[in-house]
Amino acid sequence: MEFPSIKRNILLNPGPSTTTDTVKYAQVVPDICPREKEFAGLMKGLREDLVRIVHGDTQKYTSVLFCGSGTLNIDVCLNSLLPAGKKILVVNNGAYSTRAVEICEHYGMPHIDLKFPVDQQPDLALVEKTLRDNPDIALVHTTHNETGTGILNPIREIGALAHRYGAVFTVDTTSTYAMRPIDIEADNIDFCMASAQKGLMAMTGLSFVVGNRALIEASAAYPTRSYYCNLFLQYDYFEKTGEMHFTPPVQTIYAALQALKEYWAEGEEAKWARHTRVFNAIHAGLDELGFRDAVRREWQSGLVVSVVYPDDPNWNFEKVHNYCYERGFTIYPGKISTTNTFRLCALGAIDEADIRDFFVVFRAALKELGVQTPALYNN
Ligand SMILES: *Cc1c(COP(=O)(O)O)cnc(C)c1O
């Protein structure tokens, strides 16, 4: 069937990302009851593909699907994988690890919030000291790419420390999965996670945890802190029936299946190279206008650029945003409490030509507002 093309918006926000029309239209399918075997068959293939994206052995690792946004995965991992009487260590240098801390607080789970500045990578010696001093830590959690700033965390090293001290390692890979290559075993990850609308370039509403099957099975004996959001319960239901415990996001799953086809067709390496091109084009455009990064460039994830607001009295993020938005480009506010920043991200089905088009519009917005270039910074 032929479908008309859909207006293409360039989303430079940190997800949901720009999708292809083929992914959008994959949702237009005959109605189906998701309890049919045909649908369960689709989810089986999907679950295996999600493990393959992080190079996991599908015997050792599995994926568990949930209906919800990405935060649900953090909730599920933390509330499900903590044995009674044990503690969680959150290696925290940003907004998303802070969210993990809030989840611990919400469930009343014992935890240590090991805080580092948002523009700094965590101090591994301090992580190790904390593990050594607290033998009751059973779970270490951190964020791979802190999407609020775009800082990349050394997960392989943190994972090695977690394992040395006998803890399980869960990583929020929501903003790297299916973009920046991950090898679940080599990266010392026990559980990682994402939602379909970021790296996979599919639709919102489907999230998934990819992790170690034996550890999920062991967690059957741990306290159950949530009814809907329990990892073992959902896993067990999938293993026994091939289905989600409760109604899955049917059309979103069809879109994810199409997105996976496109993922394999593009290929891990080529896709990462494309995101890198986009990232470099964002930097080139900003450099030319004299804008400053909030995070040291060599620490950046290659997916999110956090830009410091210029000290120009005419600078107005809201107005620049609106000017760009009306022309099909979405830019996004920052997430650093101490510095005013905005973000330009390299997610989605876009390429460097889209970034060049964006900078034509961005420049015009600056001109219209009378913002001077090179951008003005007082110090
Ligand atoms: C997007 C994102 C999430 C999930 O946010 P939702 O609003 O729940 O989709 C979680 N962690 C990271 C690092 C993210 O970038």
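**Exercise 1.** In this predicted model, find which residues surround the ligand and are closest to it.

*Solution.* Step 1: count the shell. There are 13 residues around the ligand. Step 2: pick out the closest. They are Ser-69, Thr-71, Thr-147, Asp-172 and Lys-198. Step 3: sort the shell by type. It holds 1 nonpolar, 9 polar and 3 charged residues.

**Exercise 2.** Find the side-chain atoms that pair with oxygen or nitrogen atoms of the ligand, using a cut-off of 3.5 Å for N or O pairs.

*Solution.* Step 1: take the ligand oxygen. A polar side-chain atom of Thr-71 is 2.5 Å from an oxygen atom of the ligand. Step 2: turn to nitrogen. An N or O atom in the Asp-172 side chain lies 2.6 Å from a ligand nitrogen atom. Thr-174 places a polar side-chain atom 3.5 Å from a nitrogen atom of the ligand. Step 3: check the cover. On its own the ligand has 380 Å² of accessible area, and the protein covers 85% of this.

**Exercise 3.** Describe the pocket in which the ligand sits.

*Solution.* Step 1: identify the site. The ligand occupies the largest pocket. Step 2: give its volume. This pocket contains about 280 Å³ of space. Step 3: list the lining. It has 21 residues, with Pro-14, Thr-71, Tyr-96, Arg-99 and Lys-198 closest to the centre. Both α3 (71-80) and α4 (95-107) give two or more residues to this lining. Step 4: sort by type. The lining has 5 nonpolar, 11 polar and 5 charged residues.

**Exercise 4.** Find which element gives the most to the lining of the second largest pocket.

*Solution.* Step 1: give the volume. The second largest pocket holds about 220 Å³. Step 2: list the elements that give two or more residues. These are α2 (37-53), β2 (61-67) and α8 (231-241). Step 3: choose. α2 gives the most, with 6 residues.

How values were computed: Residues numbered from 1 in each chain as written. Predicted model: local features only at pLDDT ≥ 70, side-chain atom pairs only at ≥ 80, totals over all residues. Heavy atoms only, no water. Near = heavy atom within 4 Å. Polar contact = N/O pair within 3.5 Å; in protein donor to acceptor, adjacent residues only side chain to side chain. Areas by Shrake-Rupley, 256 points an atom, 1.4 Å probe, with all protein chains shown as cover. 1 Å grid on protein atoms, 1.4 Å probe; cavity = no way out; pocket = protein on both sides within 12 Å on 5 of 7 lines; lining within 4 Å. Sits in = over half its atoms within 2 Å of the grid points. Nonpolar A, V, L, I, M, F, W, Y, C, P; charged D, E, K, R; others polar. Points joined across faces, edges and corners; volume = space filled by probe spheres on them. Helix = DSSP H or I, 4+ residues; strand = E, 2+ residues; numbered from the N terminus.
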